[in-house]
Amino acid sequence: RRQRQMCIRDRPEMAKRFRFIHCADLHLGTPLAIREAPSRYWEKTLRDATFQAFRNIVDTAIEKRVAAIVIAGDVYNSADHSLPAQLEFSRELFRAANAGISTFIAHGNHDPVSAWQAQVPLPPTAHVFSADKVEGLPLVVENETAAMIYGRSYATMHTDGRWASDYVRGESDPYAIAVMHTQGPKAASDGPYAPLSWDEIRQSGIDYWALGHVHTREVLSEDPYVVYPGNAQSLTAAETGPRGCYLVEVGSHGTTMLEFIATDAIRSETWEFSVTDLTDVEMFIKAVLAKRQERRQEVGKPLLVTLVVSGRGALHQVFSDPAARQSILARLNEEEEMKHIFVYCRALLDQTTAAVDWQARREIPDATGDYLRAVDRLLAMSPEERHYALRQAVAARPEWERYARYFGELSDERLETALRRAEIAGAQRILGDNGDEAD
């Protein structure tokens, strides 16, 4: 599945046309996060998913005849200095080099220069940016400089230095690309991951900011382009949907076109079902089986699925029982064991509620009513006010101090999801299992 976006920045001079791949957060060798080990027949597929995703990137680069692959950090995981990961990375870079493709690599917080001393040689066409300063390297296409690529690697896992002001487009640059592993301009201005501001972006004169660190792809701006490609392979249940890279095509007048290309070997998805109108578990299982067959045909690759059940009614007692949920999962997965394109249900999350009239419950002057009305007040705010209030509430929690360095990564979407889940879950905790006020 591909998405195409376009921005035209006309220039008086003619420059060399070229293509490049922008990817980030490969995390080569990282095992996929699965609570229980699935079928042994899938072990290699699961173990090699990150490797296969990078192979798919190189395949795309060769097929599309790109001039370069730009990698914006976190090639590896610092927690496990995997020699197989280094060998695989080197092997693929040599394969790209043999096709005439250069690579430009900025190390990030998971693979800082201090933690990764090169044990495996890379081809001469692979360029690793220094950790000491921002440096500019030419991208040469048919003996001409088509672009200047600026980048810097992390020296250690965390950095609060403001590097972005050192990314400056040269006057003679036909096109300028910045490679940066950063928490980005939407995050806090003083975080530990190379803070970046919109003012620094605008003042740099850079045409394309090739960012990494945020695992969800997003085009933050089109003038200039400020782009997160996301990770090449989903690593957790929360990282749902297609994962991949951007193919970037630059025209002779600075015309820039983006095409998202999925490279994931295994995809994570979340399927939501309402049990309000269901009278027995068999109806739920049939609904899951139908969805499974549909998605297997549409996606054409293995899926790791989180099932979320919501609604209220008779099946609440079944889905609120951990043993019952585990039994349902086992039944759903037993038929998938020998399949090459498997659809594995990794978790069954219960968001069902007992048959309680929550609207009427809001009117009762007790602890549950107070709680629900507090949620309503938040929901009545503008999104900006609500997100600010939620962040303030989180920051006020004593246990949050140890996680303060990650505060900038708490996205608006995650806050909204948590609030929606907490609305009924919190009220249920106050009511207790029997619908009576808990002590």
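**Entry 1: helix H5 and its ends**

I began just after H5, where Gly300 takes a positive phi of about 70 degrees. I keep in mind throughout that this is a predicted model.

I then turned to the other end of the helix, and at the start of H5 I found a side-chain oxygen of Asp280 reaching to within 3.1 Å of the backbone nitrogen of Glu282.

To see whether the geometry in between is consistent, I compared the end C-alpha atoms of H5 (residues 281-299), which are 27 Å apart, with the 27 Å that its 19 residues should span at 1.5 Å a residue, and the two agree.

**Entry 2: the two faces of H5**

Next I looked up which residues of H5 are buried, and the list reads Phe284, Ile285, Val288, Arg292, Arg295, Arg296 and Val299. Looking down the axis of H5, I see these buried residues fall within an arc of 105 degrees, so they line one face of the helix. On the face turned away from that buried side I noted the exposed residues Lys286 and Gln297.

I also asked what covers the buried residues of H5. The cover includes three strands, E14 (267-274), E15 (303-312) and E16 (343-353), together with helices H6 (316-319) and H7 (322-333).

**Entry 3: Glu269**

One residue of the covering strand E14 that I followed up is Glu269. I checked whether to call Glu269 buried or exposed, and because its relative accessibility is 8%, against a cut-off of under 20%, Glu269 counts as buried.

The side chain of Glu269 makes a polar contact of 2.4 Å with the side chain of Arg295, and Arg295 is itself among the buried residues of H5. Leaving aside residues up to four places away in sequence, I listed what Glu269 touches: Thr240, Arg295, Val299, Leu303, Leu304, Val305 and Thr306.

**Entry 4: an open sheet**

Finally I moved to an open sheet of six strands, for which I wrote down the order E6-E7-E8-E9-E11-E10 and noted that the pairing is mixed. Strand E6 (135-141) and strand E10 (218-222) stand at the edges with a single partner strand each, so one side of each is left without a neighbour in the sheet. From one strand to the next, the twist averages 20 degrees.

Within this sheet I looked more carefully at one pair, strand E9 (residues 208-212) and strand E11 (residues 225-228), which run parallel and are joined by three bridges. Here I recorded that Trp209 stands opposite Val226 in E11.

Definitions and conventions. Residues are numbered from 1 along each chain as its sequence is written. This is a predicted model: local features need pLDDT of at least 70, side-chain atom pairs count only at pLDDT 80 or more; totals for chains, interfaces and linings use all residues. Side-chain values use heavy atoms; hydrogens and water are left out. Helices (H or I, at least four residues) and strands (E, at least two) are DSSP runs, numbered from the N terminus. The expected span of a helix is 1.5 Å times one less than its number of residues. Buried means under 20% relative accessible area, exposed over 50%, partly exposed in between (1.4 Å probe, protein chains only). The arc is that of the directions from the helix axis to the C-beta atoms. Contact means heavy atoms within 4.5 Å. A polar contact is a pair of N or O atoms within 3.5 Å; within protein, one must be able to donate a hydrogen and the other to accept it, and residues adjacent in sequence count only if both atoms are side-chain atoms. Two strands pair if DSSP finds at least two bridges between them. Axes are lines fitted to C-alpha atoms, for helices over the stretch in contact, and angles run from 0 to 180 degrees between N-to-C directions.
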